[in-house]
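Ready for some practice in reading a protein structure? Take a look at the model below, then work through the exercises step by step.

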Amino acid sequence: MEVTREMLMAYADGELDEVTSRRIEQAISDDPDLARQLDADLALKANLRGHFAAIDDEPVPEAWAAMIAGARDEDTRVVELNDARQARARRGVPGWGAGVAIAASLVLGVLLGTQVNTGDGPLIEKDGTILASAYLEKALDTQLAAKPEGARLRMLASFRRDDGGFCRAFTGEALSGIACRAEDGWHLERLLPGSRSQSTQYRQAGSTEAELMAAAQEMASEPPLDTEQEKAARARGWR
Amino acid sequence: MSQTRFCDELTALLPKLRRFARGLAHDAADGEDLCQATIERALKSRHQWQDGTRLDAWVYRIMRNLWIDETRARTRRAQTFAVEEEGLAVGDAGGRAVEALIELGHVGRALAELPDEQREAVILVLVEGYAYKEAAEMIGCPMGTLTSRLVRGREALMRKLGEA
């Protein structure tokens, strides 16, 4: 068979399959010219590798490994910071159980204009603060977290925050959020669309509760109130 | 933790990277500069590397592009200052060139005289032992192009080295 320069080269480089390689070996043993070409090629390879082996003997500049080590340290620090942050979020405040490691900031949900400042709506705006009113205020004042599901509004948790005041996380059809008791009423600290909301393009079903609980956990200075503690707080008007 | 893997793998690649650079740049000093520049660029872009993909191919691409940029810049400079160079002391320019050639030795000189793309093919396949397919992918050319550059490079080297 005719062995081209390319074929001989490919053979020398181990690129050919078994069958073709055996045939070329046969051709080489029959043709001294081919054998000479192959030898020359192998000698060239050895020559080249020898040249680069001498380069390998030179020490690699330390600066290079040092640059890489610097980058590694940077990355390790970043990972450690992130791990610590996540562990803190996961641990949370004792009594809250495994928290949810998500971003601390909640998006202020879409507030329908009709929800605020209408006579019997759940929200009132006063001097830049949003206060609970009507059925929301009533629920915050009186409803216990233990109230069975199916109620229009459900209390998720009650807790004290740093300034000693009481806050309550709730979820409902129209809206969800966290309200904290102040002198003049329940201030809405967080607001999210309720379960009836159409705005699911940026919110997965069921995530509202998780977000609220995570936010509550960050605000809280203690574990959430149990039923007895809630009753006691309710009796004192949440003050 | 893939970022520390990047750094570990890159450190392990240093000897190979240096060989690449010396091969591409055909001059020890230029080779060291090229390798250093490549490592810097690779570290800067390390977050773009996909863990699990071939790091050697990824870094080689960076080095190759840096070298192409460098040779283009040199060509532009040579063209711009061609007229001025005639007035330069021949001894200075000649001295450094001679030094570099002596450093290179016989094989180095022969390699240096090859066109860049032939030298590249020779280094990847004959020195580093990449398969034709791998080498073609690393360069970004069809396999047929790689093999023809390889043939021409080998022939040229054998002629030059055979002469000495």
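From the N terminus on, chain A runs α-α-α-α-β-β-α-β-β-β-β-α-α. Keep in mind that this is a predicted model.

**Exercise 1. Compare the make-up of the two chains.**

Solution.
Step 1: Count the elements. Chain A has 7 helices and 6 strands, while chain B has 7 helices and 0 strands.
Step 2: Turn to burial. In chain A, 37% of the 239 residues are buried; in chain B, 45% of the 164 residues count as buried.
Step 3: Look at contacts between residues at least 6 apart in sequence. In chain A, 50% of these join residues at least 24 apart. For chain B, residues 24 or more positions apart account for 68% of the contacts with a separation of 6 or more.

**Exercise 2. Describe how β1 and β2 of chain A are arranged.**

Solution.
Step 1: Find the strands. β1(A) covers residues 123-126 and β2(A) covers residues 129-132.
Step 2: Check the pairing. The two strands pair in the antiparallel sense over 4 bridges, and K126(A) stands opposite T129(A) in β2(A).
Step 3: Inspect the turn. With 2 residues between them, β1(A) and β2(A) form a hairpin, and D127(A) in the turn has a positive phi of about 50 degrees.

**Exercise 3. Describe the interface of chain A and chain B.**

Solution.
Step 1: Start with the residues. On one side are 32 residues of chain A, in contact with 41 residues of chain B.
Step 2: Add the area. The two chains bury about 3,400 Å² between them, and 67% of it is on carbon and sulfur atoms. In chain A, the residues that lose the most area to chain B are F52(A), W64(A) and I68(A), together 21% of what that side buries.
Step 3: Search for charged pairs. The rule finds 8 salt bridges across the interface; one of the salt bridges in the model joins the side chains of E58(A) and R22(B), at 2.6 Å from N to O.
Step 4: Ask which elements take part. On the side of chain A that touches chain B, α1, α3 and α4 of chain A each give two or more residues, and α3(A) gives the most, with 11 residues.
Step 5: Sort by class. That side of chain A has 17 nonpolar, 3 polar and 12 charged residues.

**Exercise 4. Which parts of the chain does the salt bridge of R161(A) and E189(A) tie together?**

Solution.
Step 1: Check the distance. The closest N and O atoms of R161(A) and E189(A) are 3.7 Å apart.
Step 2: Place both residues. R161(A) lies in the loop between β3 and β4 of chain A and E189(A) in strand β6 of chain A, so the pair ties together parts 28 residues apart in sequence.
Step 3: Consider accessibility. R161(A) counts as partly exposed because its relative accessibility is 22%, and E189(A) is partly exposed at 31%.

**Exercise 5. Place two salt bridges in chain B: E128(B) with K16(B), and D116(B) with R119(B).**

Solution.
Step 1: Take E128(B) and K16(B), whose side chains meet at 3.8 Å, N to O. E128(B) lies in the loop between α5 and α6 of chain B and K16(B) in helix α1 of chain B, so this pair ties together parts 112 residues apart in sequence. Both E128(B) and K16(B) are buried.
Step 2: Move to D116(B) and R119(B), which meet at 2.7 Å, N to O. Both lie in helix α5 of chain B, 3 residues apart, about one turn of the helix.
Step 3: Check burial. D116(B) is partly exposed at 31% relative accessibility, whereas R119(B) is buried, with a relative accessible area of 1%.

Terms used: Residues numbered from 1 in each chain as written. Chains lettered and ligands numbered in written order. Predicted model: local features only at pLDDT ≥ 70, side-chain atom pairs only at ≥ 80, totals over all residues. Heavy atoms only, no water. Pairing = 2+ DSSP bridges. Contact = heavy atoms within 4.5 Å. Buried area = accessible area lost by both parts, 1.4 Å probe. Salt bridge = Lys/Arg side-chain N within 4 Å of Asp/Glu carboxyl O. Nonpolar A, V, L, I, M, F, W, Y, C, P; charged D, E, K, R; others polar. Buried < 20%, exposed > 50% of the residue type's maximum accessible area, 1.4 Å probe, protein only.
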